[in-house]
Structure formats: C-alpha cells, structure tokens
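Trainee: I have the model open and would like to go through a few spots. Can we start with one loop residue and work outwards?

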Amino acid sequence: MTQTPFSKPIYVTRPLLPSLDNLNKRLVEVWDKQWLTNNGTQHQELEKKLQELLKVPYLSLFNNGTIALIVGCQSLRLSGEVITTPFTFPATTHILTWNNIKPIFCDIDPVTMNIDADKIESMITPQTTGILGVHVYGTPCNVLKIQEIADRYGLKVIYDAAHAFGVEIDGVGIGNFGDLSMMSFHATKLFHTAEGGALLFKDKNLKERVDLLKNFGIKNEEEVMMPGINGKMNEIQAALGLVVLEHVEQERHNRHQIIKTYRKCLNNIPGITLLPEISDIVSSYQYFVIRIDAEFFGFSRDYIYEEFKKYNVFTRKYFYPLCSDYACYKHLPSSSLANLPIAHQISQQVLSLPLYGSLRVEEVEIICEILVNIGRR
Ligand code: T4K
C-alpha cells in the first residue's frame, strides 16, 4: 500500500506541555513573591522533588545541561586529558575544551553504543585525570567496569546522563554512579524545564562547591570564594518543571506503548536492527533509534532520512557526524578512523524515529509502513 504524506509535520520529538492553567497557578505564586531567580521557593521545591524521584543523595539545578557539565568538570578539578566518547551531542566534548582539557576519543561498544569500557585502559596516559561517559539514548554505560578502571588509576568519573532521566540499574538511580552525573532538562527531553539541567552526586562536600560555582562563587555579600559562573535556574523554569513533573509518569507510559508498537512492526526486517531491551533497567524512553545496514536493507540511512521527509516525517541522525569529525577536533590523534572504527560505522547507520507521548499509535504504524515499503522497492 502506498502511504500519503502526513497532513502536518511529524517531528522526532515534541515537548510535554501541561495545561496552561496549572502553570499559571504556579506563576501567580512567583508573581506574588516578586522573587524570580536566585534559589527561590519553586527552585527549592523542584530540587527536593527531583532528588527524591531520581533516588540520589544530592542534586543541584542549573539553567541548562551544558553549563551544568562545565561546572561539574570544574568542581572535580579535572585537567590535562579526559577519555570520552565521540558518539554524542557536541556539548559533551565542548565542555572539556571550555575547561581547557584535551578530549581523548575512545571507540564505542557495538551494542550499547556507549564508550567501550574494554578500550579505555589503553588510552590512559600520565595526563589523564578522568573519564567522561555518556549514557547514550538513556542506555547505561558499563558503570562497574568504568569505576573499577578509575579506582585503579585514581581517575574521576563523570557521566553525561542528558538522556537518562529516571533511569535505574537494579533499582539504583543512575545519578549514584561515578563522581557526578549531568541531566538535561531541555524541551526535547522526557522531563523538561524548557531549558535546564542538573548535577547529581553522592558527595556532600561537592554540593557546597557546585552551588558556589553556579552562583559566581559568591558565599555572601562580602565573600567570593572562587571564579564561578552564572548557572542558576530561574523561578519560571522551576515552576514549569514542577508542573511538567506531574505528567512525567503518564508520558513515560505513552512512550512505552509507542516503543512496543515500533518493536512489533519493525521486528525481523532484514537490515534493520533495534536497540536491545536490557533487563533490570528502568528506561527513560528518551529516543527510539534504529540501525540501518544499507547492504541488507537495500537503502542507506541517508536515503531513508530524505525519503521520510517526503512524507512529512522528520527523523534525526543522532549522532552523526561524530564529535571527532568536527573541524575543531578532527586534528586530534584519537580522532583517526583507525581508532574509532565502530563509532564511524554506527554513526552512518543510526536513525532516531519520532517518539513523544502525544504521538498516536496509528501514526507510528504508518511511519513503520513507510519504512517497510521503502525496503521493498
Ligand atoms: N549531552 C547530550 C548527550 C545531549 O544530548 C545534550 C542535548 C546535551 C549534553 C546538552 O544539554 P542542554 O545544554 O541542551 O541541556 C536537541 C536539543 O536542543 C538538545 O538539548 C539535545 N541534547 C539534542 C539531542 O537534541 P537539536 O539541535 O536536535 O534540537 P532541535 O531544535 O533541532 O529540536 C529537535 C526537534 O524537537 C525539532 O525538530 C522539533 C522538536 N522541538 C524542539 C524544540 C526546541 C519541538 O517540538 N519544540 C521545541 O521547543 O538538539
């Protein structure tokens, strides 16, 4: 059957938008207090609720995930070289550069698409101070192996958990692994504050340092302790977050139904690989990603991406190109193709399909049909 294009664009994601009435109630509180930022009551309430929900000892809110990660690096005093993955959003690598740290790219695991823990050790030099892993699409890194290597070499571990809201391993919140983790609350994330983010960690001493760093280093009106930055989340962002939070469980449920539909419709199609479902993991259902092997499917990922557009479906190539191929990083020795063969192969194959709670199951079935029909040409 030939499909007709959707009458309105279907994007890779759409933000969870709670009722404006509920948001307004919160905004009235903010207006009444005439307190718009700098650790107001909405901020305090959101920080506490998230810390409990994400099952982590300490959490500090930020105005976005990138600034949070920059501050995270500062708070751990990382320097020299940090081993990281090239298969991620630009922010992960850039925050190292903003901290005057040299990124050392390590290849990725062919199944999880996260940094390959078995390859990290061979990249350690006397300059290495840390490991920066990304829980890509919300799939956890090999946290135990990474910690074991870090402990043996005295390295810090940071996780970019931008995609991993609510992820748990055997009931343990993802923010408990490593020295600290960053979550993004950008509009495109499962939970969001339009722009926003947080650092999550276990060390009590880090809370004071992180909170100083995100507030210019100001301790009180007469003492500035360190060269901080402005990383504060404002009251309007926090109020939005508190209202969005009430709907996150329903959003997760809806996304789970959509993923089940994708899995049913795209199962056993030669050349299409679905990400494995991992037991003992609570998922964030952040992205639904397929891999397309052009040889077996008959058409390349790039061809399918363009074809989808003709049907008004806007998929995304998260993550292509690799960070190691950006003009600012491709000169690095660790950026060579020989060092990153798996990452190169996977970045040519991945395609993120539309996934958001208000996407209808019938729409998902049509998206799958379009893909299957392309393969039959
Ligand atoms: N680390 C990782 C691994 C990350 O993925 C990210 C962010 C970060 C760090 C940095 O965290 P933040 O500093 O952002 O907190 C989007 C997001 O902007 C970005 O936050 C996210 N990762 C990345 C994976 O996706 P783009 O450039 O793809 O965004 P854009 O504007 O093309 O949006 C994608 C689709 O979403 C649009 O086609 C339509 C839809 N959309 C988007 C927005 C902003 C809406 O429907 N409404 C909206 O308001 O980066």
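Trainee: Which residues does Lys202 touch, not counting those up to four places away in sequence?

Mentor: Lys202 touches Pro57, Tyr58, Asn176, Phe177 and Gly178, where contact means heavy atoms within 4.5 Å. This is a predicted model: local features need pLDDT of at least 70, side-chain atom pairs count only at pLDDT 80 or more, and totals for chains, interfaces and linings use all residues. Residues are numbered from 1 along each chain as its sequence is written, and side-chain values use heavy atoms, with hydrogens and water left out.

Trainee: Where is Lys202 found?

Mentor: In the loop between strand E10 (197-201) and helix H7 (204-213). Helices (H or I, at least four residues) and strands (E, at least two) are DSSP runs, numbered from the N terminus.

Trainee: And what is the relative accessible area of Lys202?

Mentor: It is 43%, so Lys202 is partly exposed. Buried means under 20% relative accessible area, exposed over 50%, and partly exposed in between, with a 1.4 Å probe and protein chains only.

Trainee: Other topic. Which peptide bond into Phe319 is cis?

Mentor: The one from Tyr318, with omega near 10 degrees. The bond from Tyr320 to Pro321 is cis as well, with omega near -5 degrees. Phe319 lies in the loop between E16 and H12, and Pro321 lies in the loop between E16 and H12 too.

Trainee: How far apart are Lys202 and Phe319 in space?

Mentor: 30 Å, C-alpha to C-alpha, with their positions 117 residues apart in sequence.

Trainee: What about H11, which residues are buried there?

Mentor: In helix H11 (residues 301-310) they are Arg301, Ile304, Tyr305, Glu307 and Phe308. They cover an arc of only 165 degrees around the axis, so they sit on the same side of H11; the arc is that of the directions from the helix axis to the C-beta atoms.

Trainee: Why would that spacing put residues on one side?

Mentor: An α-helix has 3.6 residues a turn, so residues three or four places apart point the same way.

Trainee: What covers the buried residues of H11?

Mentor: The cover includes helix H12 (341-347), strand E17 (350-353) and helix H13 (361-375). Just after H11, Asn312 takes a positive phi of about 70 degrees.

Trainee: Is Tyr137 buried or exposed?

Mentor: Buried, with a relative accessible area of 4%. Tyr137 has a positive phi of about 60 degrees although it is not a glycine. Asp280 also has a positive phi, near 65 degrees, but counts as exposed at 54% relative accessibility.
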